Amino acid sequence: MTTRSPSTRRRNGNDPAATAALERPREVAAAVEAWFARAGRTLPWREVRTGYTALVSEFMLQQTQVSRVVPKFEEFMRRFPTVAALAAADEQAVLAAWQGLGYYRRARLLHAAAKAIVERFGGRVPETVDDLVTLPGVGRYTAGSIASIAFGQRVPIVDTNVARVLLRVAGREGASGDPAIVAWAWDEATRLVEAASDPARLNEGLMELGATVCPASTPACLLCPLAALCRARANGEVGPVRAKPTPTRRTRVYHHVVVVRRGDELLLERRASTGLWASMWQAPTVEHDSLLDVDELAPRLALRVTGLSRVREFEHQTSHRTVVFVVHEARTRSRDGTWAARAALAEYPLSNPMRRILADALTPPSPNRPVRARSS
Ligand code: SF4
């Protein structure tokens with residue numbers, strides 16, 4: 001990484017010659033395609049490429065690392081092997097199969113997309129970008145990815161990985177989320193895919209290159225198929241490419257969780273159908289913007305309990321807030337509500353922190369067991 005002067009930055013940002021490397025789109029495309037054919041990772045959704053495997057993998061890969069997606073993808077495909085099977089599934093079953101991937105809104109959108117495909121496209125994933133973008137949760141990038149990878153359509157794709165590679169090859173400055181840079185990147189990606197011999201291989205190659213060889217912080221230029229064409233490398237200007245600025249203000253909320261056991265069973269309730277972890281299950285929980293003590297918490301519970309005591313607390317970060325889980329234990333004589341046996345817990349969609357809380361509640365105490373949970 002080198003430090004650049006302001007004058008250098010201005011020159012790179014405004015100089016039309018900065019895109020010169022991309023003026024040879026055929027060379028760039030050929031280098032990426034050859035590299036991907038040789039070095040692309042073996043991933044389950046690449047073994048059999050269909051519209052459905054592309055759809056599911058694209059939804060899963062949004063905001064989740066490949067290593068976490070691989071086992072979940074295989075499990076999900078076993079459970080819902082076709083668009084029709086997914087469309088016909090109960091939402092709770094879909095959310096349960098999504099557990100571990102986070103960002104559950106994607107699971108709901110994928111489910112809605114499957115229903116739309118059955119209703120409007122006869123159960124076949126549409127092949128064109130124009131049709132694909134009409135599906136819930138499918139934007140221009142996802143549509144381009146499915147259309148090119150599954151159906152060989154000559155259409156471009158740009159995500160932050162692709163934008164970063166293009167910026168560096170062109171020697172341009174800018175944040176990869178800047179609208180002007182995004183528009184420029186789509187234009188360049190279009191020129192590349194038009195010059196490619198295999199649009200699918202080019203697009204997957206660009207994504208893979210950005211994810212593995214040319215990440216934001218430590219590009220491995222010695223391994224890069226574009227090293228000889230890359231202006232940033234030639235100029236010794238391989239610095240970090242800024243992502244879109246993210247808001248720094250985080251809200252802090254307190255989830256006062258009350259674990260109520262009855263033998264091998266735990267009392268559960270369902271969350272509201274909107275908002276964080278919508279429609280998922282949890283131990284009875286009171287949400288508040290400040291920490292409640294036991295006397296303040298008890299009257300806010302929907303059930304009568306005895307022996308309410310605080311056990312521990314830990315923090316969980318979501319995209320916009322810090323959730324402080326304050327875990328309690330209690331007893332109840334009531335038999336009302338939903339009681340889930342240990343063996344049936346996997347059937348209930350649970351957030352990751354809630355799954356951990358319940359797993360801990362069912363684990364026999366050990367002298368070595370930590371008193372406080374890790375933050376996640
Ligand atoms: S040569 Fe280096 S900076 Fe340029 S595209 Fe390749 S890895 Fe990225």
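Here are a few friendly questions and answers about this predicted model.

Residues are numbered from 1 along each chain as its sequence is written. Local features need pLDDT of at least 70 and side-chain atom pairs pLDDT 80 or more, while totals for chains, interfaces and linings use all residues.

Reader: Where does the largest nonpolar core lie?
Author: A nonpolar core joins buried Ala, Val, Leu, Ile, Met, Phe, Trp, Tyr and Cys residues through C-beta atoms within 7 Å; buried means 20 or more other C-beta atoms within 10 Å of a residue's own, with C-beta atoms placed from the backbone. Of its 87 residues, Val56, Ile146, Val162 and Leu166 touch the most other members. Domain bounds come from an automatic or database assignment. Both domain 1 (9–234) and domain 2 (251–362) give residues to this core, so it lies between them.

Reader: Which helix gives the most to the shell around the ligand?
Author: The ligand is surrounded by 15 residues (C-beta atom within 6 Å of it). Helices are DSSP runs of H or I with at least four residues, numbered from the N terminus. Both α11 (160–170) and α14 (231–234) supply at least two residues of the shell. With three residues, the one that gives the most is α11.

Reader: Which residues of α5 are buried?
Author: Helix α5 covers residues 66–79. Among the elements over its buried residues are α3 (44–47), α4 (51–61) and α7 (91–98). The buried residues of α5 are Val69, Phe73, Phe76 and Met77.

Notes: A residue is buried if 20 or more other C-beta atoms lie within 10 Å of its own, exposed if 12 or fewer, and partly exposed in between; C-beta atoms are placed from the backbone. The expected span of a helix is 1.5 Å times one less than its number of residues. Two residues are in contact if their C-beta atoms, placed from the backbone, lie within 7 Å.
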